[in-house]
Amino acid sequence: MANRMPKLIAFDLDYTLWDLWIDTHVSEPLRRDGNKTNQVLDRCNNEICFYQDVPQILHRLRGEGVFVAACSRTCAASMARRALSLLLVPAKDGDERGAPVAAEKMFDQMEIYPGSKKAHFRKLHEATGISYSEMLFFDDEIRNKEVESLGVTFCLVPDGVDAQAFEKGLREWRRRHSE
Ligand SMILES: [Mg+2]
């Protein structure tokens, strides 16, 4: 079982999946240029896009049947949701016939509101019945490590999620569940 996946993997949004604070760096209206993938523009042409490795990580998790969640404490929840509905995730690498997918469809559940992320994870647990020990969370801010008091495995990603940071989180989760 060395390669077992957690049942649920959650990601923060700002500076974890994209390089901005949605509540301070972005202003409405948001728009997408045609069907351009991994790019949404705001009123001032500021770009919202996922970090480079994020789309393929999301495809992998969908393919492996992992429950994927977004957990953000932004106070600009509606703009975050709008960005995720407009942002197109490119097709899976090597999938010639694949079409881009709205980023929001890559997440099974979104918990987006201010406050301690322990509340976000309690909601996830209530909705899914998945135990906290089966949850892995990626976030760029150390204060959110408090979710470990519930039993969630926390992986700090100061520079956001990339393939290497993702593997590091998985290794840590597996190390804790190796018995
Ligand atoms: Mg963040």
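This passage walks through the fold, the metal site, the main pocket, the cysteines and a few backbone oddities of a predicted model.

Starting with the overall fold, the protein chain is built from four helices and nine strands. Reading from the N terminus, the elements come in the order β-β-β-α-β-α-β-β-β-α-β-β-α. The chain is as compact as a globular protein of its length, because its radius of gyration is 16 Å and the globule rule gives 16 Å for 179 residues. In terms of outer dimensions, the C-alpha trace covers about 50 × 40 × 30 Å along its principal axes. As for packing, 47% of the 179 residues count as buried.

Next comes the metal. A magnesium ion takes its protein donors from Asp12 (OD), Asp14 (O) and Asp140 (OD), at 2.1 to 2.2 Å. Note the atom labels here: Asp12 and Asp140 each contribute an OD atom, while Asp14 is listed with its O. Along the sequence, the spacing of these donor residues reads D-x1-D-x125-D. Both aspartate 12 and aspartate 14 are buried.

The largest pocket holds about 160 Å³ of space. Its lining is made up of 14 residues, and the ones nearest the centre are Asp14, Trp21, Arg73, Thr74 and Glu141. Asp14 therefore turns up in two roles, since this buried residue is a donor of the magnesium ion and also sits among the pocket residues nearest the centre. Sorted by class, the lining counts nine charged residues, three polar ones and two nonpolar ones.

What about the cysteines? A search of the whole structure turns up zero disulfides. Cysteine 44 is a case in point: the nearest cysteine sulfur belongs to cysteine 49 and lies 17 Å away, whereas a disulfide calls for two sulfurs within 2.5 Å. Cysteine 44 is also exposed, at a relative accessible area of 51%. Cysteine 75 tells a similar story, because its closest cysteine sulfur, in cysteine 71, is 16 Å off and so too far for a bond. Cysteine 75 is exposed as well, with a relative accessible area of 61%.

Finally, a few spots in the backbone deserve a look. The peptide bond running from glutamate 28 to proline 29 is cis, and its omega is near 5°. Proline 29 belongs to the loop that joins strand S1 (8–11) to strand S2 (40–41). Tyrosine 15 is found in the loop between S1 and S2 too, and its phi is near 65°, a positive value in a residue other than glycine. The side of tyrosine 15 open to solvent is modest in class terms: the residue is partly exposed, with a relative accessible area of 21%. Asparagine 45 also has a phi near 65°, again positive in a residue that is not glycine. Asparagine 45 lies in the loop between S2 and strand S3 (47–48), and its relative accessible area of 48% makes it partly exposed.

Definitions and conventions: Residues numbered from 1 in each chain as written. Predicted model: local features only at pLDDT ≥ 70, side-chain atom pairs only at ≥ 80, totals over all residues. Heavy atoms only, no water. 1 Å grid on protein atoms, 1.4 Å probe; cavity = no way out; pocket = protein on both sides within 12 Å on 5 of 7 lines; lining within 4 Å. Points joined across faces, edges and corners; volume = space filled by probe spheres on them. Nonpolar A, V, L, I, M, F, W, Y, C, P; charged D, E, K, R; others polar. Donors = N, O, S within 2.8 Å, 3.2 Å for Na, K, Ca; no water. Buried < 20%, exposed > 50% of the residue type's maximum accessible area, 1.4 Å probe, protein only. Helix = DSSP H or I, 4+ residues; strand = E, 2+ residues; numbered from the N terminus. Rg over C-alpha atoms; globule rule 2.2 N^0.38 Å.
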